[in-house]
Amino acid sequence: MTITDALVDIPVRLDFDAIVPRFSRAVASLDHAATAELDRVDFDPQLRELVRLRASQVNGCVYCVDLHSKDARTAGVSEQKLRAVAVWRDSGLFTAAERAALHLTESITRLSETHVPEEDVTAATAIFGEERTAALISLIIVINVWDAIGVTTRCWPVARDAA
């Protein structure tokens, strides 16, 4: 390997979990609450991970993209579908329900631009019903919190896979 082939280390900016442990635990608790709501309404585990992955892609959280790609594989999402998440609008690999969830994910994740139009929530509610849509919204909100922490602090380095 030459010097130009060496991987680049991305330094941690702040050890967020160590510096503000109560807040970090509170976010983890919020995540568990969102997951419990998804479980309560029997929301598809594969779609959960696709939603987490897409929000993290939009936000540019390298740790969360890595984590949720692995979690999606574990949940049974195919490699082909994982590769297509970033371009889901142009892919025929996604169901109407997945498309509605991914659309709502992007709308909420980009809320400063979209202001989450009523039709985005209405479209998701038409497919999922109110309870599942509310549970989905809780998931989208909490992954955006995790992404904001990860992007801002780079507190969770990505473990490199063995080559």
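Which helices each supply at least two residues of the lining of the largest pocket? Keep that in mind while you get your bearings; the model on your screen is a predicted one.

**Stop one: the largest pocket**

Select Ile-10, Val-62, Trp-156, Pro-157 and Val-158. Of the 15 residues lining the largest pocket, these lie nearest its centre. Now colour helix H4 (62–75) and helix H8, and you have your answer: each of them gives at least two residues to this lining. The pocket's volume comes to about 330 Å³. Colour the lining by residue type and you should get ten nonpolar residues, two polar and three charged.

**Stop two: the second largest pocket**

Next, pick Asp-31, Tyr-63, Leu-67, His-68 and Trp-146, which lie nearest the centre of the second largest pocket, out of 14 residues that line it. Helix H2 (21–40), H4 and H8 are the elements that contribute two or more residues here. The space inside is about 210 Å³. By type, this lining splits into nine nonpolar, two polar and three charged residues.

**Stop three: H2 against H8**

Hide the rest and keep H2 and H8. Their axes come within 9 Å and cross at roughly 155°. Angles over 145 degrees count as roughly antiparallel, so that is what H2 is to H8. The crossing of H2 past H8 is left-handed. Want to see who touches whom? On the H2 side, show Phe-23, Ser-24, Val-27, Ala-28, Leu-30, Asp-31, Ala-34, Glu-37, Leu-38 and Arg-40. On the H8 side, the partners include Glu-131, Leu-136, Leu-139, Val-142, Trp-146 and Ile-149. Asp-31 and Trp-146 should look familiar: both were among the residues nearest the centre of the second largest pocket. Overall, the H2–H8 contact has 13 nonpolar residues, two polar and four charged.

**Stop four: H6 against H8**

Swap H2 for helix H6 (residues 96–109), and keep H8 (residues 118–153) on show. What angle do the axes of H6 and H8 make where they cross? Roughly 50°, with the axes coming within 9 Å. That angle makes H6 oblique to H8. H6 passes H8 in a right-handed crossing.

For the contact, show the H6 residues, among them Ala-97, Ala-100, His-103, Leu-104 and Ile-108. Then add their H8 counterparts, including Val-121, Ala-124, Phe-128, Ile-137 and Asn-144. The residues of this contact come out as 13 nonpolar, six polar and one charged. Leave Leu-136 of H8 displayed before you finish: it takes part in the contact with H6 and also in the contact with H2.

Technical notes
Residues numbered from 1 in each chain as written. Predicted model: local features only at pLDDT ≥ 70, side-chain atom pairs only at ≥ 80, totals over all residues. Heavy atoms only, no water. Axes fitted to C-alpha atoms, helices over the stretch in contact; angles between N-to-C directions. Helix = DSSP H or I, 4+ residues; strand = E, 2+ residues; numbered from the N terminus. Parallel < 35°, antiparallel > 145°, perpendicular 65-115°, else oblique. Left-handed = near helix turned anticlockwise from the far one by under 90°. Contact = heavy atoms within 4.5 Å. Nonpolar A, V, L, I, M, F, W, Y, C, P; charged D, E, K, R; others polar. 1 Å grid on protein atoms, 1.4 Å probe; cavity = no way out; pocket = protein on both sides within 12 Å on 5 of 7 lines; lining within 4 Å. Points joined across faces, edges and corners; volume = space filled by probe spheres on them.
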